[in-house]
Every structure is written in C-alpha cells, then in structure tokens.
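Okay, thanks for coming, everyone. Let me put the structure up on the screen, and then I'll walk you through a few parts of it.

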Amino acid sequence: MSTITLIRHGQANSRAKDELSYDKLSDLGHEQSRWLGTHLRDTSAHHTRLYTGTLRRHIETASGMDTKIEPVRDPRLNELEYFTLARLMEEQHAIPFPVGQDGFIHHLPLVFQHWQDGRIENAPESFAAFQTRIRDALSEIAAGDGPALVVTSGGLIAHVMGQQMNLDLATTARMALAIVHTSMHQFFPIGGHLSPVLFNATPHMDTAERTPSKTHM
C-alpha cells in the first residue's frame, strides 16, 4: 500500500446555490493552489502520482499546483451533490436552503442524515453508492506504487476520514465543516490499513500574511 495525501480544492464560488455555479475557483482559490504547489516544490515533497476528480474546481486546483505530474481524472473522486440534495430537501421536507455560514453549519448535518436515511427521493446517488465509490477509489489508489496526491473536495475527504476512523455521521459532518481549502490530509499504510496521520494541514498559509486567506466557504 502507498501513502495518499488528499487535498481539498481551492476556494470556489461561495455565493453559488447550485452545482454548476459553484464549480469554479475564485481568484483566491487560484492563489491558494499556487501557494500549495510552491510549498510542495520548496519542501521537495515526493509524490509520483496525481489524481483528481473530474470537476472543474479539482482540475483548476491541480493545474495551479503545477506538480509536473500527469493527472489521472477519476469521477469517483467527485464531491457529493450538496446543492442538489439541499434543494430536494427543501422541496420534500420544507427545510429551507441555508443562508450564510451559520445556516450552512446547521444544515449540512441534516443533509447527511436525511441522505443516509433514504429520506431524499430522487437523489443523484444513494448514500450507500457514494460510500462505495469513494472506498473503491481510495483502495485502488492505495494499491498503486509510490505516494499519491489526490485533489478532491471537503465532503469526500470527511467521509473518507469517517470510513477509516469509524466515525458517526454527526462527527463526520463536523469534520467536513472544519476542512480548509487546499488543506492536506494524509493516510499512511499501517498493518494493511490506511491510517490518518495528517488532517487539515495548511503549511503554505501558516504565516501572518496568509492566515487571513484560510477559507472554509
């Protein structure tokens, strides 16, 4: 098994209310991606493989990092469709779409729970199917040779953490809310399993000048 470093994409369009509008980096998101790439080069971080989802924000983040590694695009690394699920919840359960960061903090756990319970009809994929695809994707990447970078999304990263650490859904939701754009989350093979050894690391923004540029939304 190989070490895997999951990376959340740079800040996207935080004013969006649908999947398509959200799926592009902001100016800051592009800058965050460049900072991370520079950090990896300056520290001579060794990675032989690069994977991304097929979403625009994943591709733009990996491009900004400029790793010189040819990326493998895998749709199994795409984010859960939060905006779609939120709209379906509003239509089916009269739970309004959240307003602002505080609203999102309370709304995300509700989405996860309704989704897991099968209470969102016509969801783009089932909760079980999402869990299976991300587990399969990470297992295949771990089985490859050499340390891998994986550019993906915060919700997916939180659920991978949840799978590897047997977290309940409420804890997984809190973890998702904590994940910073372009943060790194590393899994190291121990005893035939992937063990988390790094969570939410942002060394490329841990300076007085850049700390205000850490974003969650």
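So, look at α7 and α8: α7 passes α8 in a right-handed crossing. On the α7 side, the contact is made by G154, A158, H159, M161 and G162, and α8 brings L169, T172, M175 and A176. The two axes come within 8 Å and cross at roughly 140°. That angle makes α7 oblique to α8, because only angles over 145 degrees would count as roughly antiparallel. Keep in mind that this is a predicted model, by the way.

Now step back from α7 along the chain. The loop between β4 and α7 is where S153 sits. Is S153 buried or exposed? It's buried, with a relative accessible area of just 1%. And what does the S153 side chain meet? There's a polar contact of 2.7 Å between the side chains of S153 and H58. If we ignore its neighbours within four places in sequence, S153 is in contact with R8, H9, R57, H58 and E79.

R8 takes us over to the sheet, since it belongs to strand β1, and R8 stands opposite T152 in β4. β1 and β4 run parallel, joined by five bridges. On its other pairing, β1 goes antiparallel with β5, residues 184-190, over four bridges. One pair to look for there is T5 in β1 with Q186 in β5.

How enclosed is β1, then? Five of the five residues of this strand, 4-8, are buried, so β1 is largely enclosed by the rest of the structure. In a regular strand, side chains alternate between the two faces of the sheet. Here I4, L6 and R8 point one way, T5 and I7 point the other way, and all are buried.

Let's zoom out to the whole sheet. Six strands make up an open sheet, with mixed pairing, and the order is β3-β2-β4-β1-β5-β6. At the edges stand β3, residues 71-73, and β6, residues 193-201. Each of those has a single partner strand, so one side of each is left without a neighbour in the sheet. On average, neighbouring strands are turned by 20° against each other, direction ignored.

One last pairing before I stop. β2, residues 49-52, runs parallel to β4, residues 148-152, and four bridges join them. If you want a spot to find on the screen, Y51 has V150 as its bridge partner in β4.

Note on methods: Residues are numbered from 1 along each chain as its sequence is written. This is a predicted model: local features need pLDDT of at least 70, side-chain atom pairs count only at pLDDT 80 or more; totals for chains, interfaces and linings use all residues. Side-chain values use heavy atoms; hydrogens and water are left out. Two strands pair if DSSP finds at least two bridges between them. Helices (H or I, at least four residues) and strands (E, at least two) are DSSP runs, numbered from the N terminus. Axes are lines fitted to C-alpha atoms, for helices over the stretch in contact, and angles run from 0 to 180 degrees between N-to-C directions. Buried means under 20% relative accessible area, exposed over 50%, partly exposed in between (1.4 Å probe, protein chains only). A polar contact is a pair of N or O atoms within 3.5 Å; within protein, one must be able to donate a hydrogen and the other to accept it, and residues adjacent in sequence count only if both atoms are side-chain atoms. Contact means heavy atoms within 4.5 Å. Angles under 35 degrees count as roughly parallel, over 145 as roughly antiparallel, 65 to 115 as roughly perpendicular and the rest as oblique. A crossing is left-handed if the near helix is turned anticlockwise from the far one by less than a right angle, and right-handed if clockwise.
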